[in-house]
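Reader: I'd like to learn how to read the enclosed spaces inside a protein model. Could you walk me through it?

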Amino acid sequence: MEHLEIHPPPKPVHPSAEVMVRTRDLYKSFGDNHVLQGFNLDLFKGENLVVLGKSGSGKSVLIKCLVGLLSPDKGLVEVFGQEIPKLNQDDLDHIRVKIGFLFQSSALYDSMTVRENLEFPLRRHWISKTRDEVDELVIEALDNVGLKHAVDLMPSELSGGMRKRIGLARTLILKPDIILYDEPTTGLDPITGREISRLIVDIQHKYNTSSIIITHDMGCARIVANRIMVLVNGICYAVGSFEELKNSDDPNIKPFFD
Amino acid sequence: MPRQEAKAFRDFLLEVGSISDFTARFFREGFKPRYEWSELIRQCYVIGYKTLPLVGVTAFIMGLVLTVQSRPTLEEFGAESYLPSMVALSMIREIGPVITALICAGKIGSSIGAELGSMKVTEQIDAMEVSGTNPFKYLVVTRVTACTLMLPVLVVIADCISLYAAYIGVNFKDVVSLDLFFSKVFDSLVFGDVLPAMIKTYFFGFAIGIIGCYKGYNSTKGTEGVGIAANSAVVVSSLVVFILDLIAVQIADILGLT
Ligand SMILES: Nc1ncnc2c1ncn2[C@@H]1O[C@H](COP(=O)(O)OP(=O)(O)OP(=O)(O)O)[C@@H](O)[C@H]1O
Ligand SMILES: [Mg+2]
């Protein structure tokens with residue numbers, strides 16, 4: 001892995017760092033399908049936390065609970081020290097502006113061009129930004145993901161990997177304090193995947209963001225993770241650094257690293 | 001009591017309840033600032049422009065056919081000179097508003113249902129929500145308002161076109177000048193004919209918008225759900241147009257406007 005050496009490793013977290021996201025005893029079921037069964041999580045300021053779990057284990061459900069897209073059946077969800085399920089719409093919107101969310105399916109707005117897609121999250125700050133500043137932000141965000149030339153295309157004209165990267169650019173445009181990535185590298189070729197992983201680390205350094213990264217891609221996990229959390233049967237089964245978990249013999253953890 | 005029918009009845013009541021909820025939410029959120037003016041204007045343009053050709057052609061044919069077919073009956077009574085007033089009355093009071101509303105239910109209802117439905121199942125609505133933009137306001141309030149405002153405009157245009165078509169129809173056999181034709185039309189029309197007909201078109205427009213948005217916004221089950229949303233939007237809103245028409249006739253009757 002000679003590439004890794006010329007690239008900054010993920011920033012270590014200060015032991016007394018502030019907690020940005022906290023869940024305690026989080027339960028969420030859909031009918032008889034008990035997805036989360038007492039999940040506990042702490043995301044510290046400035047860290048990259050990777051969440052591993054089998055397909056269908058509830059990783060997407062977990063991060064949707066964190067932004068209030070799904071409401072948990074039971075348990076505590078705190079972001080920036082505020083209890084998400086108890087907030088009213090206005091306060092929730094205020095918090096959401098500070099959280100970036102990359103959807104697994106990219107969720108680009110089909111009826112808008114790439115430029116309009118990126119401008120959409122800026123609508124809230126519209127009044128305080130001039131046209132030039134907005135353009136600059138859009139170009140900067142596209143440059144980050146290497147797609148400056150796609151600015152006037154429609155989402156239907158993009159490949160799957162390009163959609164993913166535009167989705168990432170849209171997530172990053174507000175420079176959020178917390179970013180939730182749902183499988184940022186899935187569906188990308190290994191080279192682009194590695195670039196995206198490095199971008200995640202870069203962003204962490206540049207803006208001091210705290211991120212939760214959901215992934216199956218161990219290459220990505222190795223590059224970005226400060227800590228890794230394994231989600232099994234709806235609970236946080238294990239937490240540790242990449243190396244610690246890699247050397248584990250536990251039958252629930254080992255298969256991820258094979 | 002058969003179990004299935006009981007269940008169907010219960011489902012029906014639940015649906016009515018949640019559409020009422022949805023409507024209440026429209027009024028709650030619609031009057032709160034910040035208003036989405038530019039999107040509202042865009043929607044008005046899209047809705048008006050998309051349906052205008054269809055509405056125009058249908059109105060023309062209806063006016064012409066009604067005139068040509070009514071003539072023999074009126075001739076039997078030696079009352080051909082009443083042809084303009086009769087056609088005008090039936091077009092303006094009933095056929096214009098109802099036919100236009102049905103066309104809009106088909107054209108606008110289905111497109112809103114399909115558009116919002118696909119945005120829902122591809123998580124685009126969720127993406128708006130997490131970016132701190134209120135999707136209900138941006139998508140639903142604008143579309144419903146645009147429908148409510150544009151339907152009366154379309155009806156007025158349809159009325160004009162159908163009257164002109166009636167003028168052509170009258171001239172197939174007689175020679176009547178445009179001036180004479182319209183003076184006959186306006187002699188027979190009174191305020192009580194036009195006003196209730198115009199007021200009910202606002203309700204038709206509102207119903208088409210609300211039902212299309214409700215079906216789309218609440219669609220589930222992936223791409224299949226989008227089809228169901230579009231389809232049921234058309235069916236339900238057409239039905240509601242007839243029911244509203246029935247109610248409007250009763251109210252006009254009670255108020256002595258007939
Ligand atoms: N809106 C929903 N309604 C009903 N069930 C749901 C809903 N969302 C998720 N589920 C169920 O919750 C479980 C977990 O789903 P989730 O999307 O979180 O999986 P995941 O861990 O993200 O998997 P993947 O890696 O494939 O994305 C699945 O069994 C799914 O069927
Ligand atoms: Mg998922």
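Author: Happy to! This is a predicted model. A good start is to ask which parts of the chain contribute to a lining. Here, domain 1 (16–98 + 176–258) and domain 2 (100–175) of chain A both give residues to the lining of the largest cavity, so the cavity lies between them.

Reader: Which helices and strands each supply at least two residues of that lining?

Author: From chain A they are helix 3 (89–97), strand 6 (99–102) and helix 6 (160–172), and chain B adds helix 4 (124–130). Strand 6 of chain A gives the largest share, with four residues.

Reader: How much space lies in the largest cavity, and which residues are the closest to its centre?

Author: The space comes to about 170 Å³. Of its 19 lining residues, the closest to the centre are Phe101(A), Pro121(A), Arg170(A), Thr171(A) and Ser131(B). For the chemistry, look at the classes: the lining divides into 12 nonpolar, five polar and two charged residues.

Reader: How many cavities of 30 Å³ or more are there?

Author: There are three. The second largest holds about 60 Å³ of space.

Reader: What lines the second largest cavity?

Author: Its lining is made up of Leu137(A), Glu140(A), Ala141(A), Asn144(A), Leu172(A), Ile173(A), Lys175(A), Ile203(A) and Tyr207(A). Helix 5 (131–144) and helix 7 (190–207) of chain A each supply at least two of the lining residues, and helix 5 has the largest share, four residues. By class, this lining has six nonpolar, one polar and two charged residues.

How values were computed. Residues numbered from 1 in each chain as written. Chains lettered and ligands numbered in written order. Predicted model: local features only at pLDDT ≥ 70, side-chain atom pairs only at ≥ 80, totals over all residues. Heavy atoms only, no water. 1 Å grid on protein atoms, 1.4 Å probe; cavity = no way out; pocket = protein on both sides within 12 Å on 5 of 7 lines; lining within 4 Å. Points joined across faces, edges and corners; volume = space filled by probe spheres on them. Nonpolar A, V, L, I, M, F, W, Y, C, P; charged D, E, K, R; others polar. Domains from an automatic or database assignment.
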